[in-house]
Amino acid sequence: MLLLNSSVRLGIYADVENQPVSIFSSKLTPGADIGVGFTILSLVLLSTLGNGLVLVISYRRRRKISGPELLSVNLAIVDFLSCVCFYPLSILSSFNHAWLGNHVTCTYYGLGCYAFGLCGMFTIASISVIRYVKTCYSLVYAVWLNSSKIRLVCYATWLVAAFWSSFPLFGWAEYVPEPYGLSCTVAWRSYHTSAKDAAYVICSFAFFTLVPVLVIVLSQIHILYRVYSFSHTLSARGIRTSLHNAERRISLVRMLRLVEQSTRNHLKIAVSCCPFQMFFCVSFGFVMAWAPYAVVSFLFIFYKGNRFMAPGGFVFPALFAKSSHVYNPFIYFYFNKAFRQDLRRLLHSFCRHLGRNRLRVRPAPAHWPHHRGHTTGATAKGLHRAIQIDTHNNRD
C-alpha cells in the first residue's frame, strides 16, 4: 500500500506490460485527444458567451432582480468562472496529449472544478427548496425569504463548497488525474488504499452528492404534484390555466387564506417573475448532465476490476457533465420575458454602436455650436470678416 501511494504521488504507474508510464500522459489516441480538446473548446465558447450575456443583463437590471433570480445569477457566475479559469487548461492538455504542469496544475484544476461543481449543486438545491417553500408555504416565503436572506444563501453555497473542497490540500484525500489523463478530480480510487481517504470519499458521495440530488428531485416532484393538483381543480371548475399561472394562483390563494386567519400588517406579497418551468428545467438538466459521471465514478470507486477504468468510460460522461454550463442561459432567455427584452435592447444598442463606428461618425467637439442657427450665424460672421480683410488689402 505504501509503495502504491508513493508511486501515485510520483506520477508513475505500471501498464499492462509492466512499463513505467506517467499518470499525466493521455490514455487516448492522438485523434481522440484533439476531438476532446475541440469539444471542450466549443463548450467553453458557448458557455462564456451565454453566461456572459446573463451577467451583463443582470448587471444592467440589478435594481429589478428578485430574490430567486439572485440564485440564477450565482449559478451563471459559477458556470462562467469554471469555463474561464479552469477548462482552458484541459483544452491545452488535450492538444499537448499530456497534462500540463503535473501536480501543481492538477491540484489547481481539481480543486477549482470540485469547488465550483459543489457550489453549482448547492445553488440548484437552494433554488429547489425556495421554489418549494414559495409554492407550499407562501407566508414563510413572503415574510422570511427576502433578497437579503437569499443573498446570504448564495454566500453560504460558496463557503461550504470552498470549505469541503479544501480538505485534500491538507492531506485528507488528494487531487489526481482522471483515468483518461486530460482532467483532474478527487482521488476516488484511494477508497481502497487509505481509511481516511475512504471516509472523505464516502462523505463526499453521501452528504455532498446524494443529499443535494435528493433534495432537488423531491422538491421538484412535490412542486409538480401541487401545481398539477391545483390546475386539475381549476379545470374541474371550468377555469383554464397554464402551469405557470397555476403556480402563481396557488401561491396567492394560500397567502389570502393565511391573511384571513392572521394579521395583515406584516405580510408582503412577493410573486416571482420567473416561471417555475425555468427552474425545473435548470434542475432537471443539471441532474441529468451529472448523473452519468456520478454513476461511472461510483462504479470506479467500489468496483475493483478494470472494466470501468477504461479511458472511454470516463471521457464521455465527463464531457456530458461539462455541457451543463451551456444550456442554462438558453433556458433563462426562453422562459424569462424580462431577460429577452433586455437582451433585445442590449443587442440593439450594440448594433447601433457598431454601425456608427463603421460609418466613422464622431461626436462634435464641445466648443462647436450645436444649433443650426448658431452655425449659420458664425459662418456668416466669418465670411463678412474675411471680405473686410480682403477689401482692406486691396485698398492698400
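# A walk through the helices

Start with the whole chain in view: of its 396 residues, 41% count as buried (buried means under 20% relative accessible area, exposed over 50% and partly exposed in between, with a 1.4 Å probe and protein chains only). Before you click further, note that this is a predicted model, where local features need pLDDT of at least 70 and side-chain atom pairs count only at pLDDT 80 or more, while totals for chains, interfaces and linings use all residues. Residues are numbered from 1 along each chain as its sequence is written, and side-chain values use heavy atoms, with hydrogens and water left out.

Colour by secondary structure and you get 14 helices and four strands (DSSP runs numbered from the N terminus, helices being H or I with at least four residues and strands E with at least two). Now turn on contacts, meaning heavy atoms within 4.5 Å. Among those between residues at least 6 apart in sequence, 76% join residues at least 24 apart.

**Stop 1: Leu43 in α2**

Select Leu43, found in helix α2 (residues 30–60). Is Leu43 buried or exposed? With a relative accessible area of 16%, Leu43 is buried. Skip its neighbours within four places in sequence, and Leu43 is in contact with Leu319, Lys322, Ser323 and Val326. Add Cys83 to the selection too: Leu43 and Cys83 are 40 residues apart in sequence, and their C-alpha atoms are 8.2 Å apart.

**Stop 2: Ser72 in α3**

Next, pick Ser72, which lies in helix α3. Ser72 counts as buried, at 6% relative accessibility. Which residues does Ser72 touch, not counting residues up to four places away in sequence? They are Ile127, Met278, Phe279 and Tyr332. Then draw a line from the C-alpha of Ser72 to that of Asn328: the two are 256 residues apart along the chain, and the line spans 9.0 Å.

**Stop 3: α3 against α7**

Keep α3 (residues 67–85) on screen and add helix α7 (residues 147–165). Two packed helices are described by the angle between their axes and the distance between the axes. Here the angle is about 25 degrees and the axes are 8 Å apart (axes are lines fitted to C-alpha atoms, for helices over the stretch in contact, and angles run from 0 to 180 degrees between N-to-C directions). α3 and α7 are therefore roughly parallel to each other (angles under 35 degrees count as roughly parallel, over 145 as roughly antiparallel, 65 to 115 as roughly perpendicular and the rest as oblique). Their crossing is right-handed (the near helix is turned clockwise from the far one by less than a right angle; anticlockwise would be left-handed).

To see who meets whom, show these side chains:

- from α3: Gly67, Pro68, Leu70, Leu71, Asn74, Ile77 and Val78
- from α7: Ser147, Ile150, Arg151, Val153, Cys154, Thr157 and Trp158

The residues of this contact divide into nine nonpolar, four polar and one charged (Ala, Val, Leu, Ile, Met, Phe, Trp, Tyr, Cys and Pro count as nonpolar, Asp, Glu, Lys and Arg as charged, and the others, Gly among them, as polar).

**Stop 4: α4 against α5**

Hop over to helix α4 (residues 87–96), whose buried residues are Tyr87, Leu89, Ser90, Ile91, Ser93 and Ser94. Bring in α5: the axes of α4 and α5 come within 10 Å and cross at roughly 135 degrees. That makes α4 and α5 oblique to each other, and their crossing is left-handed. On the α4 side, the contact is made by Tyr87, Leu89 and Ser90; on the α5 side, by Thr105, Tyr108, Tyr109 and Cys113. The residues of the contact of α4 with α5 come out as five nonpolar, two polar and no charged.

**Stop 5: the loop after α4**

Right after α4 comes His97, in the loop between α4 and α5. His97 is not a glycine, yet its phi is positive, about 65 degrees. At 32% relative accessibility, His97 counts as partly exposed.

Another residue to check is Ala173, in the loop between α7 and β3 (175–177). Its phi is also positive, near 75 degrees, and Ala173 is buried, with a relative accessible area of 5%.

**Last stop: aromatic rings**

Finally, select Phe122, Phe163, Trp164, Phe167, Trp172, Tyr200 and Phe208, which form one aromatic cluster (rings of Phe, Tyr and Trp, the last by its six-membered ring, pair if their centres lie within 6.5 Å; planes under 30 degrees apart count as stacked, over 60 as edge-to-face and the rest as tilted). By this rule the count comes to 25 aromatic pairs. One of them, Trp99 with Tyr109, is edge-to-face, at 5.2 Å centre to centre and 75 degrees between the planes. Trp99 lies in the loop between α4 and α5 (102–136) and Tyr109 in helix α5, so the pair ties together parts that are ten residues apart in sequence. Both Trp99 and Tyr109 are buried.
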